[in-house]
Amino acid sequence: MRQSGEALLSALQNRIDYCRAQAEKFRTAAGQYAEADASAGEQIGNQGGSL
């Protein structure tokens with residue numbers, strides 16, 4: 001029984017690690033999108049337009 005419990009714990013830890021890595025990737029991407037939007041808004045504003 002102990003071996004199966006350790007295998008389960010290891011599998012769950014791997015899933016936790018994967019989910020945290022994915023969350024970090026999504027946070028990074030969201031920041032990049034926000035920067036791109038802000039930059040595009042500035043460029044449009046500099047040309048006399050608005051969003």
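A residue counts as buried when its relative accessible area is under 20%, as exposed when that area is over 50%, and as partly exposed in between. The legends below apply these terms to a predicted model.

**Figure 1. The whole chain of the predicted model contains one helix and zero strands.** Along the principal axes, the C-alpha atoms of the protein occupy a box of roughly 70 × 10 × 5 Å. The radius of gyration of the protein is 22 Å, whereas a compact globule of 51 residues would have a value near 10 Å. Of the 51 residues, 0% are buried. The protein has an accessible surface of about 4,700 Å², and carbon and sulfur atoms account for 56% of that surface.

**Figure 2. Helix 1 is shown from one end to the other, with Gly 48 following the helix.** Helix 1 comprises residues 2-46. At 1.5 Å a residue, its 45 residues should span 66 Å, and the end C-alpha atoms are indeed 66 Å apart, so the expected span and the model agree. After the helix comes Gly 48, which has a positive phi, near 90°.

**Figure 3. Charged side chains are displayed along the protein, which has 5 positive and 6 negative charges.** The mean position of the positive charges lies 15 Å from the mean position of the negative charges. In general, side chains of opposite charge can pair when their charged atoms come close. A search of the whole structure finds two salt bridges, and the next two views present them in turn.

**Figure 4. Arg 2 and Glu 6 are joined by a salt bridge.** The closest N and O atoms of this pair are 2.9 Å apart. Both residues belong to helix 1, where they are four residues apart, or about one turn of the helix. Glu 6 has a relative accessible area of 44%, which lies between the two cut-offs and therefore makes Glu 6 partly exposed. Arg 2 reaches 67% and is therefore exposed.

**Figure 5. Glu 24 and Arg 27 form a salt bridge.** In this pair, the closest N and O atoms are 3.1 Å apart. Glu 24 and Arg 27 are separated by about one helical turn because they are three residues apart in helix 1. With a relative accessible area of 41%, Glu 24 is partly exposed. Its partner, Arg 27, is exposed, with a relative accessible area of 52%.

Definitions and conventions. Residues numbered from 1 in each chain as written. Predicted model: local features only at pLDDT ≥ 70, side-chain atom pairs only at ≥ 80, totals over all residues. Heavy atoms only, no water. Helix = DSSP H or I, 4+ residues; strand = E, 2+ residues; numbered from the N terminus. Rg over C-alpha atoms; globule rule 2.2 N^0.38 Å. Buried < 20%, exposed > 50% of the residue type's maximum accessible area, 1.4 Å probe, protein only. Areas by Shrake-Rupley, 256 points an atom, 1.4 Å probe, with all protein chains shown as cover. Lys, Arg positive; Asp, Glu negative; His and termini not counted. Charge placed at Lys NZ, Arg CZ, Asp CG, Glu CD. Salt bridge = Lys/Arg side-chain N within 4 Å of Asp/Glu carboxyl O. Expected span 1.5 Å × (residues − 1).
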